[in-house]
Amino acid sequence: MAPSHTVTGKLSSILDDSRLTISDAEFRQLREFIHAHTGIALSEHKKALVCSRLSKRLRHHGLRHYSDYYVLLVENDPEGAELMAMINAITTNKTDFFREPHHFRFLSEHVFPAYRQNPGRERPLRLWSAASSTGEEAYSLAMTALEAMPSFNEQDIRILATDIDTDVLARAASGVYTQTQASHIPEALLRRYFLKGQGAHQGEVMAKPVLKSLVHFHWLNLQEEPWPMHEKFDVIFCRNVLIYFDKPTQQKLFRRMAGVLKKDAYLMLGHSEAMHGLNDLFKPVGHSIYQKK
Ligand SMILES: C[S@@+](CC[C@H](N)C(=O)[O-])C[C@H]1O[C@@H](n2cnc3c(N)ncnc32)[C@H](O)[C@@H]1O
(Lines give C-alpha, C1' and ligand atoms only; values in the text may rest on other atoms or scores of the structure.)
Protein backbone atom coordinates (compact mmCIF):
# COMPACT_ATOMS: atom_id res chain seq x y z
CA MET A 1 0.00 0.00 0.00
CA ALA A 2 1.28 3.47 -0.85
CA PRO A 3 2.14 5.50 2.23
CA SER A 4 -0.04 8.43 3.17
CA HIS A 5 1.65 11.80 2.65
CA THR A 6 -1.16 13.74 4.21
CA VAL A 7 -0.60 12.93 7.85
CA THR A 8 0.92 16.03 9.38
CA GLY A 9 1.75 17.71 12.70
CA LYS A 10 -0.27 15.94 15.35
CA LEU A 11 0.26 12.32 14.37
CA SER A 12 3.88 12.99 13.38
CA SER A 13 4.62 14.53 16.72
CA ILE A 14 3.21 11.61 18.69
CA LEU A 15 5.36 9.15 16.73
CA ASP A 16 8.41 9.49 18.85
CA ASP A 17 11.80 8.39 17.47
CA SER A 18 12.43 5.88 20.19
CA ARG A 19 9.66 3.68 18.76
CA LEU A 20 11.16 3.71 15.27
CA THR A 21 13.40 0.76 14.63
CA ILE A 22 14.98 -0.35 11.40
CA SER A 23 15.25 -4.01 10.45
CA ASP A 24 18.32 -5.45 8.71
CA ALA A 25 16.35 -5.83 5.48
CA GLU A 26 15.10 -2.21 5.63
CA PHE A 27 18.63 -0.96 6.33
CA ARG A 28 20.00 -2.92 3.34
CA GLN A 29 17.30 -1.52 1.04
CA LEU A 30 17.97 2.07 2.05
CA ARG A 31 21.71 1.57 2.05
CA GLU A 32 21.66 0.40 -1.57
CA PHE A 33 19.38 3.27 -2.54
CA ILE A 34 21.68 5.82 -0.87
CA HIS A 35 24.75 4.29 -2.49
CA ALA A 36 23.17 4.37 -5.94
CA HIS A 37 22.17 8.03 -5.62
CA THR A 38 25.11 9.56 -3.75
CA GLY A 39 28.03 7.13 -3.79
CA ILE A 40 27.93 7.13 0.02
CA ALA A 41 28.79 3.60 1.21
CA LEU A 42 27.28 2.82 4.60
CA SER A 43 28.71 -0.12 6.50
CA GLU A 44 26.66 -2.31 8.88
CA HIS A 45 27.71 -0.28 11.88
CA LYS A 46 25.99 2.82 10.40
CA LYS A 47 22.57 1.22 10.91
CA ALA A 48 21.74 3.23 14.05
CA LEU A 49 22.95 6.41 12.37
CA VAL A 50 20.71 5.88 9.32
CA CYS A 51 17.79 5.04 11.62
CA SER A 52 18.27 8.23 13.59
CA ARG A 53 19.03 10.60 10.69
CA LEU A 54 16.04 9.44 8.63
CA SER A 55 13.63 9.28 11.58
CA LYS A 56 12.69 12.94 11.06
CA ARG A 57 11.73 12.16 7.44
CA LEU A 58 9.47 9.34 8.63
CA ARG A 59 7.97 11.64 11.25
CA HIS A 60 7.45 14.32 8.62
CA HIS A 61 5.42 11.88 6.51
CA GLY A 62 3.73 10.20 9.46
CA LEU A 63 5.33 6.85 8.66
CA ARG A 64 6.15 4.10 11.14
CA HIS A 65 8.23 1.79 8.97
CA TYR A 66 11.42 2.40 7.03
CA SER A 67 10.09 0.04 4.34
CA ASP A 68 7.20 2.49 3.76
CA TYR A 69 9.70 5.31 3.50
CA TYR A 70 11.62 3.31 0.89
CA VAL A 71 8.40 2.84 -1.10
CA LEU A 72 7.78 6.57 -0.90
CA LEU A 73 11.26 7.27 -2.28
CA VAL A 74 11.02 4.74 -5.09
CA GLU A 75 7.36 5.06 -6.13
CA ASN A 76 5.94 8.32 -4.86
CA ASP A 77 8.60 10.91 -5.41
CA PRO A 78 8.32 11.91 -9.08
CA GLU A 79 9.91 15.35 -8.59
CA GLY A 80 12.74 13.99 -6.46
CA ALA A 81 11.87 16.34 -3.56
CA GLU A 82 11.99 13.57 -0.97
CA LEU A 83 15.21 12.22 -2.46
CA MET A 84 16.74 15.64 -1.86
CA ALA A 85 15.39 15.83 1.69
CA MET A 86 16.70 12.32 2.35
CA ILE A 87 20.16 13.25 1.04
CA ASN A 88 20.19 16.42 3.17
CA ALA A 89 19.34 14.32 6.22
CA ILE A 90 21.93 11.61 5.58
CA THR A 91 25.03 13.69 4.76
CA THR A 92 27.68 14.55 7.34
CA ASN A 93 28.55 18.22 6.96
CA LYS A 94 31.23 18.85 9.56
CA THR A 95 33.62 21.54 8.44
CA ASP A 96 35.57 24.55 9.77
CA PHE A 97 37.28 27.68 8.53
CA PHE A 98 40.94 26.89 7.74
CA ARG A 99 40.42 23.21 8.56
CA GLU A 100 43.68 21.31 7.97
CA PRO A 101 45.63 24.59 7.79
CA HIS A 102 48.70 23.14 6.04
CA HIS A 103 46.74 23.15 2.76
CA PHE A 104 46.12 26.88 3.02
CA ARG A 105 49.78 27.43 3.99
CA PHE A 106 50.86 25.47 0.92
CA LEU A 107 48.73 27.73 -1.26
CA SER A 108 50.00 30.97 0.25
CA GLU A 109 53.65 29.90 0.34
CA HIS A 110 53.93 28.03 -2.99
CA VAL A 111 50.96 28.02 -5.32
CA PHE A 112 49.76 31.63 -5.20
CA PRO A 113 53.22 33.32 -5.31
CA ALA A 114 54.17 31.16 -8.32
CA TYR A 115 50.90 32.05 -10.02
CA ARG A 116 51.28 35.77 -9.29
CA GLN A 117 54.83 35.86 -10.64
CA ASN A 118 54.08 33.88 -13.79
CA PRO A 119 53.84 36.35 -16.69
CA GLY A 120 52.12 33.72 -18.85
CA ARG A 121 49.42 32.87 -16.30
CA GLU A 122 45.90 32.11 -17.48
CA ARG A 123 43.25 34.36 -15.99
CA PRO A 124 41.23 33.73 -13.88
CA LEU A 125 42.80 31.45 -11.31
CA ARG A 126 40.26 28.66 -10.84
CA LEU A 127 39.73 26.86 -7.55
CA TRP A 128 37.12 24.20 -6.75
CA SER A 129 35.84 23.27 -3.30
CA ALA A 130 34.27 19.98 -4.37
CA ALA A 131 32.29 19.15 -1.21
CA SER A 132 31.94 22.60 0.25
CA SER A 133 29.35 21.93 2.95
CA THR A 134 28.40 25.24 4.65
CA GLY A 135 31.10 27.18 2.77
CA GLU A 136 33.87 27.62 5.34
CA GLU A 137 36.39 25.90 3.04
CA ALA A 138 35.51 28.07 0.03
CA TYR A 139 35.63 31.34 2.00
CA SER A 140 38.95 30.24 3.56
CA LEU A 141 40.26 29.75 0.01
CA ALA A 142 39.00 33.21 -0.95
CA MET A 143 40.71 34.85 2.05
CA THR A 144 43.96 32.98 1.39
CA ALA A 145 43.93 34.03 -2.26
CA LEU A 146 43.19 37.69 -1.51
CA GLU A 147 45.88 37.83 1.16
CA ALA A 148 48.46 36.46 -1.30
CA MET A 149 47.23 38.55 -4.25
CA PRO A 150 45.66 41.71 -2.77
CA SER A 151 45.18 43.48 -6.10
CA PHE A 152 43.18 40.59 -7.57
CA ASN A 153 39.39 40.63 -7.76
CA GLU A 154 36.54 38.47 -9.04
CA GLN A 155 37.85 38.80 -12.60
CA ASP A 156 41.12 37.19 -11.50
CA ILE A 157 39.97 34.53 -9.03
CA ARG A 158 36.97 32.24 -9.39
CA ILE A 159 36.09 29.73 -6.70
CA LEU A 160 33.50 27.10 -7.52
CA ALA A 161 31.97 25.56 -4.41
CA THR A 162 29.67 22.55 -4.83
CA ASP A 163 27.83 20.10 -2.64
CA ILE A 164 25.05 17.52 -2.94
CA ASP A 165 23.19 18.93 0.10
CA THR A 166 20.86 21.85 -0.73
CA ASP A 167 20.48 22.96 2.92
CA VAL A 168 24.19 23.50 3.47
CA LEU A 169 24.54 25.26 0.10
CA ALA A 170 21.84 27.77 1.06
CA ARG A 171 23.62 28.48 4.34
CA ALA A 172 26.95 28.75 2.54
CA ALA A 173 25.60 31.25 0.02
CA SER A 174 24.25 33.46 2.82
CA GLY A 175 27.80 33.82 4.15
CA VAL A 176 26.44 34.10 7.70
CA TYR A 177 28.20 32.32 10.57
CA THR A 178 28.00 32.30 14.34
CA GLN A 179 30.89 33.79 16.27
CA THR A 180 31.76 30.31 17.47
CA GLN A 181 32.14 29.14 13.86
CA ALA A 182 34.11 32.29 13.07
CA SER A 183 36.49 31.68 15.99
CA HIS A 184 38.62 29.60 13.58
CA ILE A 185 39.31 32.71 11.47
CA PRO A 186 42.42 34.69 12.48
CA GLU A 187 41.36 38.02 14.04
CA ALA A 188 42.92 40.22 11.33
CA LEU A 189 41.15 38.30 8.56
CA LEU A 190 37.87 38.35 10.43
CA ARG A 191 38.06 42.15 10.64
CA ARG A 192 39.06 42.52 6.98
CA TYR A 193 36.59 40.13 5.39
CA PHE A 194 33.53 39.90 7.69
CA LEU A 195 30.89 42.27 9.02
CA LYS A 196 29.68 41.96 12.60
CA GLY A 197 25.96 41.34 13.00
CA GLN A 198 23.88 43.94 14.84
CA GLY A 199 20.48 43.83 16.50
CA ALA A 200 18.75 40.56 15.63
CA HIS A 201 22.06 39.37 14.10
CA GLN A 202 24.10 39.99 17.25
CA GLY A 203 26.53 37.12 17.67
CA GLU A 204 26.81 36.50 13.94
CA VAL A 205 29.26 37.57 11.27
CA MET A 206 28.68 37.86 7.52
CA ALA A 207 31.18 37.57 4.69
CA LYS A 208 31.79 40.95 3.00
CA PRO A 209 30.90 41.35 -0.70
CA VAL A 210 34.61 41.29 -1.63
CA LEU A 211 34.76 37.69 -0.36
CA LYS A 212 31.37 36.58 -1.63
CA SER A 213 32.08 37.88 -5.12
CA LEU A 214 34.84 35.31 -5.58
CA VAL A 215 32.79 32.26 -4.58
CA HIS A 216 30.04 30.66 -6.66
CA PHE A 217 27.94 28.00 -4.95
CA HIS A 218 26.23 25.34 -7.06
CA TRP A 219 24.56 22.01 -6.43
CA LEU A 220 26.63 19.10 -7.76
CA ASN A 221 26.53 15.37 -7.10
CA LEU A 222 30.10 14.15 -7.58
CA GLN A 223 28.68 10.86 -8.88
CA GLU A 224 27.01 12.48 -11.84
CA GLU A 225 28.59 12.20 -15.25
CA PRO A 226 29.66 14.31 -16.91
CA TRP A 227 30.37 17.24 -14.63
CA PRO A 228 29.09 20.48 -16.16
CA MET A 229 32.34 22.46 -15.87
CA HIS A 230 34.15 23.36 -19.09
CA GLU A 231 37.22 25.15 -17.77
CA LYS A 232 40.03 23.38 -15.97
CA PHE A 233 41.13 24.11 -12.42
CA ASP A 234 44.39 25.25 -10.84
CA VAL A 235 43.49 23.69 -7.48
CA ILE A 236 40.81 21.27 -6.27
CA PHE A 237 39.97 20.80 -2.62
CA CYS A 238 38.15 17.47 -2.33
CA ARG A 239 38.44 16.92 1.38
CA ASN A 240 36.62 14.70 3.83
CA VAL A 241 34.06 13.43 1.35
CA LEU A 242 35.90 10.53 -0.32
CA ILE A 243 35.97 8.72 3.04
CA TYR A 244 32.24 8.14 2.57
CA PHE A 245 32.80 6.40 -0.78
CA ASP A 246 34.09 2.90 -1.52
CA LYS A 247 37.50 2.30 -3.11
CA PRO A 248 36.33 1.87 -6.75
CA THR A 249 34.30 5.10 -6.50
CA GLN A 250 37.29 6.93 -5.02
CA GLN A 251 39.62 5.70 -7.79
CA LYS A 252 37.16 6.77 -10.45
CA LEU A 253 36.80 10.22 -8.90
CA PHE A 254 40.58 10.67 -8.73
CA ARG A 255 40.76 9.97 -12.48
CA ARG A 256 37.91 12.34 -13.21
CA MET A 257 39.53 15.05 -11.10
CA ALA A 258 42.76 14.61 -13.04
CA GLY A 259 40.67 15.24 -16.14
CA VAL A 260 39.49 18.66 -14.90
CA LEU A 261 42.84 19.82 -13.52
CA LYS A 262 45.38 21.79 -15.55
CA LYS A 263 48.84 20.27 -15.93
CA ASP A 264 50.90 20.77 -12.72
CA ALA A 265 47.72 21.75 -10.83
CA TYR A 266 46.98 20.54 -7.31
CA LEU A 267 44.49 18.23 -5.61
CA MET A 268 44.08 18.42 -1.83
CA LEU A 269 42.50 15.52 0.04
CA GLY A 270 41.37 15.17 3.65
CA HIS A 271 43.85 13.95 6.27
CA SER A 272 42.65 10.34 6.11
CA GLU A 273 42.19 10.14 2.35
CA ALA A 274 45.39 8.90 0.74
CA MET A 275 45.58 8.19 -2.95
CA HIS A 276 46.92 4.73 -3.73
CA GLY A 277 48.37 4.01 -7.14
CA LEU A 278 47.52 6.38 -10.00
CA ASN A 279 51.22 7.30 -10.22
CA ASP A 280 50.67 7.95 -13.90
CA LEU A 281 48.34 10.86 -13.04
CA PHE A 282 49.52 12.41 -9.79
CA LYS A 283 52.63 12.78 -7.67
CA PRO A 284 52.46 13.45 -3.90
CA VAL A 285 54.05 16.79 -3.02
CA GLY A 286 53.00 17.19 0.61
CA HIS A 287 50.77 15.67 3.25
CA SER A 288 47.51 14.88 1.36
CA ILE A 289 48.62 17.22 -1.45
CA TYR A 290 48.96 15.84 -4.99
CA GLN A 291 50.19 17.48 -8.17
CA LYS A 292 48.89 16.47 -11.56
CA LYS A 293 51.64 15.19 -13.83
C1 LIG B 1 32.38 16.35 6.01
S2 LIG B 1 31.86 17.49 4.78
C3 LIG B 1 33.42 18.11 4.22
C4 LIG B 1 33.43 19.61 4.06
C5 LIG B 1 34.77 20.23 3.67
N6 LIG B 1 35.23 19.71 2.41
C7 LIG B 1 35.80 19.98 4.74
O8 LIG B 1 36.71 19.17 4.56
O9 LIG B 1 35.70 20.61 5.80
C10 LIG B 1 31.38 16.36 3.46
C11 LIG B 1 30.44 17.01 2.44
O12 LIG B 1 30.35 16.14 1.30
C13 LIG B 1 29.06 16.26 0.76
N14 LIG B 1 28.78 15.10 -0.12
C15 LIG B 1 28.52 13.82 0.23
N16 LIG B 1 28.29 13.06 -0.86
C17 LIG B 1 28.43 13.89 -1.93
C18 LIG B 1 28.32 13.70 -3.34
N19 LIG B 1 28.03 12.51 -3.87
N20 LIG B 1 28.51 14.77 -4.14
C21 LIG B 1 28.81 15.99 -3.61
N22 LIG B 1 28.93 16.24 -2.30
C23 LIG B 1 28.75 15.20 -1.46
C24 LIG B 1 28.17 16.34 2.00
O25 LIG B 1 26.92 16.91 1.72
C26 LIG B 1 29.02 17.17 2.96
O27 LIG B 1 28.63 18.53 2.96
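I take helices as DSSP runs of at least four residues, numbered from the N terminus. The model I am reading is predicted.

**Entry: threonine 180**

I looked up threonine 180 and placed it in helix H9, residues 179-182. Is threonine 180 buried or exposed? I read a relative accessible area of 63%. The cut-off for exposed is over 50%, so threonine 180 counts as exposed. I then checked its distance to glycine 203. The two are 23 residues apart in sequence. In space, their C-alpha atoms lie 8.6 Å apart.

**Entry: the two domains**

I noted the division next. Domain 1 covers 9-90. Domain 2 is made of 101-176 and 206-292. Taken over C-alpha atoms, their centres are 32 Å apart.

**Entry: the interface**

How many residues of domain 1 are in contact with domain 2? I count nine, and they meet 11 residues of domain 2. I turned to area, since an interface's size is often given as the accessible area lost when the parts come together. Here I have about 810 Å² buried between domain 1 and domain 2. Carbon and sulfur atoms give 53% of that area.

I searched for salt bridges across the interface and found zero by the rule. Polar contacts came out differently: I have five residue pairs between domain 1 and domain 2, both residues at pLDDT 80 or more. On the domain 1 side, the elements giving two or more residues are helix H2 (24-38) and helix H5 (81-90). I sorted the residues of that side by type: four are nonpolar, five are polar and none is charged.

**Entry: helix H5**

I went on to H5. Eight of its 10 residues are buried, so H5 is largely enclosed by the rest of the structure. I listed the buried ones: Glu82, Leu83, Ala85, Met86, Ile87, Asn88, Ala89 and Ile90. What covers them? I find H2, H3, helix H4 (66-75) and helix H8 (166-174) included in the cover.

**Entry: arginine 57**

I followed H3 to arginine 57, which is found in this helix, residues 47-61. Its relative accessible area is 15%. The limit for buried is under 20%, so arginine 57 is buried. I then looked for its partners, leaving aside neighbours within four places in sequence. Arginine 57 is in contact with Tyr69, Glu82, Ala85 and Ala89. Glu82, Ala85 and Ala89 are also among the buried residues I listed for H5.

How values were computed. Residues numbered from 1 in each chain as written. Predicted model: local features only at pLDDT ≥ 70, side-chain atom pairs only at ≥ 80, totals over all residues. Heavy atoms only, no water. Domains from an automatic or database assignment. Contact = heavy atoms within 4.5 Å. Buried area = accessible area lost by both parts, 1.4 Å probe. Salt bridge = Lys/Arg side-chain N within 4 Å of Asp/Glu carboxyl O. Polar contact = N/O pair within 3.5 Å; in protein donor to acceptor, adjacent residues only side chain to side chain. Nonpolar A, V, L, I, M, F, W, Y, C, P; charged D, E, K, R; others polar. Buried < 20%, exposed > 50% of the residue type's maximum accessible area, 1.4 Å probe, protein only.
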